[in-house]
Amino acid sequence: MTTDEVLTLEELAAFLKVSETTAYALVRGGEVPGRKVGREWRFLKARVVDWLMRAGTEGDDMDKTGFVQRDELGGEFKQEGGQEYVALWLPITREEKAAQLDKAAREGVNVSELVANYLREWVKA
């Protein structure tokens, strides 16, 4: 295993053995060290390993604010700014996801609203 390797978001998720949704939440929360290159995230494996090694050490944020956690039913959530954010598992293929992201970019709409509309239609089906 080389630690100077550069990982994509998908590879980061596989390396951490978490879903892509969880990996993205960690990245968006500023917890995992990474850099956006164009529209894509990239991560140095060495920095990710260092981040993992520091977990739970003195000075680590022990109140779990901003960290993805699991509730008693196995659901993922994060508390931040006094609000709780819940992770959703979407019934969507990668191709459908790409199409939804392209549509949001073309129409200049918020991706979250587009996903909410997609879910509303899916529930009706």
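# A tour of the helix pairs and salt bridges

Start by selecting helix α4 (residues 94–107) together with helix α5 (residues 111–124): their axes cross at roughly 130° and come within 9 Å of each other. That angle makes α4 oblique to α5. Keep in mind as you go that this is a predicted model.

Turn the view until one of these two helices lies in front of the other. The crossing of α4 over α5 is right-handed. Now show the side chains at the contact: on α4, pick E96, Q100, L101, K103 and A104, and on α5, pick V111, L114 and Y118. Colour them by type, and this contact of α4 with α5 splits into five nonpolar residues, one polar and two charged.

**Stop two: the other helix pair**

Next, move towards the N terminus and select helix α1 (residues 9–16) and helix α2 (residues 20–28). How far apart are their axes, and at what angle do they pack? The axes are 9 Å apart and the angle is about 105°. This makes α1 roughly perpendicular to α2, whereas α4 is oblique to α5.

Display the side chains here too. From α1 come L9, E10, L12, A13 and L16, and they meet E20, A23, Y24, L26 and V27 from α2. The residues of this contact divide into eight nonpolar and two charged, with no polar ones.

While α1 and α2 are on screen, click on K17, in the loop between them. Its phi is near 60°, a positive value in a residue other than glycine. For context, most residues other than glycine have a negative phi. With a relative accessible area of 72%, K17 is exposed.

**Stop three: two distances to draw**

Stay with α1 and select E11, which has its place in that helix. E11 has a relative accessible area of 38%, so it is partly exposed. Draw a line from its C-alpha atom to that of R42: the separation is 9.5 Å, although the two residues are 31 apart along the chain.

Then go to A25 in helix α2. A25 is partly exposed as well, with a relative accessible area of 22%; the lower limit of that class is 20%. Draw a second line, this time to F77. The C-alpha atoms of A25 and F77 are separated by 9.5 Å, with their positions 52 residues apart along the chain.

**Stop four: the salt bridges**

How many salt bridges does the structure hold? There are three. As a reminder, side chains of opposite charge can pair when their charged atoms come close.

Begin with K45 and E5, whose side chains meet at 3.4 Å, N to O. This pair links distant parts of the chain, 40 residues apart: K45 sits in helix α3 (residues 45–54), and E5 in the segment before β1 (6–7). Switch on a surface and compare the partners. Is K45 buried or exposed? Its relative accessibility is 9%, so K45 counts as buried. E5, at 31%, is partly exposed.

Slide along α3 to R54 and D50. Their side chains form a salt bridge of 2.6 Å, N to O. Both residues belong to helix α3 and stand four residues apart, about one turn of the helix. R54 has a relative accessible area of 42%, which makes it partly exposed, and D50, at 40%, also counts as partly exposed.

Finish this stop back on α5, with K124 and E121. The bridge between their side chains spans 3.6 Å, N to O. Here the partners are three residues apart in helix α5, again about one turn of the helix. K124 is exposed, with a relative accessible area of 65%.

**Last stop: the whole chain**

Zoom out and colour by secondary structure. The protein has five helices and six strands, and from the N terminus on the elements run β-α-α-β-β-α-β-β-β-α-α. Now colour by accessibility: 21% of the 125 residues count as buried, K45 among them.

If you have a contact map at hand, open it beside the model. Of the contacts between residues at least 6 apart in sequence, 45% join residues at least 24 apart.

Definitions and conventions: Residues numbered from 1 in each chain as written. Predicted model: local features only at pLDDT ≥ 70, side-chain atom pairs only at ≥ 80, totals over all residues. Heavy atoms only, no water. Axes fitted to C-alpha atoms, helices over the stretch in contact; angles between N-to-C directions. Parallel < 35°, antiparallel > 145°, perpendicular 65-115°, else oblique. Left-handed = near helix turned anticlockwise from the far one by under 90°. Contact = heavy atoms within 4.5 Å. Nonpolar A, V, L, I, M, F, W, Y, C, P; charged D, E, K, R; others polar. Salt bridge = Lys/Arg side-chain N within 4 Å of Asp/Glu carboxyl O. Buried < 20%, exposed > 50% of the residue type's maximum accessible area, 1.4 Å probe, protein only.
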